[in-house]
Amino acid sequence: MTQDVDCPEVEEKGKRRKGLAQDMKLRLGFLRRRHTDSAIQSSVRPPPDEVQKWADSFHDLMANKYGQALFRAFLQREYSEENVEFWLACEDFKKVRPHKLSAKARKIFNDYVAVQAPKEVNLDSSTRTQTINNLTNPTRHSFDQAQRRV
């Protein structure tokens, strides 16, 4: 079956598609623009040498807000965002005042470590058991082993 090129319907459809494509290109053009203002650029993207440090140190990655955001986005795509949330909760736990340790430890346990927790992280049984034992008398290091596993 041959198609009639002079058909007005076909030409109209092609023009609409081309117009939509051009419109979309104009609307999304801002994504391709580069900021020339160094103050804007430095606040948005870290310098390459900082990014290179991330390859060597997970702590450097997590110490940078931009790095955290990128890593979180990656984990969301992998359906494992709870891992970074648990890791950050453990880091915050280490900074909690002593009189609040028990309550914060219970919350982290209920959110991430307990079997069937809403954001349960994947821990082997011995690590989970050790963490449960650590919670009888919580210290700032109660979740260290589980945090290393994640």
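A residue is taken as buried under 20% relative accessible area, as exposed over 50%, and as partly exposed in between. On this scale F71, with a relative accessible area of 22%, is partly exposed. The value, like those that follow, comes from a predicted model.

F71 also takes us to the aromatic rings of the structure, which holds 6 aromatic pairs. In one of them, F58 and F71 meet edge-to-face, with 5.5 Å from centre to centre and 75 degrees between the planes. F58 belongs to helix α4 (residues 58-63) and F71 to helix α5 (residues 65-77), so this pair ties together parts that are 13 residues apart in sequence. F58 is partly exposed as well, at a relative accessible area of 33%. Ring pairs further link F58, F71, F74 and W87 into a cluster.

A second pair joins F86 and F143: the ring centres lie 6.3 Å apart and the planes stand at 85 degrees, so the arrangement is edge-to-face. Here F86 sits in helix α6 (residues 81-93), while F143 sits in the loop between α8 (125-134) and α9 (144-149), so the pair ties together parts that are 57 residues apart in sequence. F86 is buried, with a relative accessible area of 0%, and F143 counts as buried at 2%.

F143 leads on to A105, a residue of helix α7 (residues 101-113). Leaving aside residues up to four places away in sequence, A105 touches F93, L135, P138 and F143. A105 and F93 are 12 residues apart in sequence, and their C-alpha atoms are 7.4 Å apart in space. A105 is itself buried, with a relative accessible area of 1%.

How values were computed:
Residues are numbered from 1 along each chain as its sequence is written. This is a predicted model: local features need pLDDT of at least 70, side-chain atom pairs count only at pLDDT 80 or more; totals for chains, interfaces and linings use all residues. Side-chain values use heavy atoms; hydrogens and water are left out. Helices (H or I, at least four residues) and strands (E, at least two) are DSSP runs, numbered from the N terminus. Buried means under 20% relative accessible area, exposed over 50%, partly exposed in between (1.4 Å probe, protein chains only). Contact means heavy atoms within 4.5 Å. Rings of Phe, Tyr and Trp (its six-membered ring) pair if their centres lie within 6.5 Å; planes under 30 degrees apart count as stacked, over 60 as edge-to-face and the rest as tilted.
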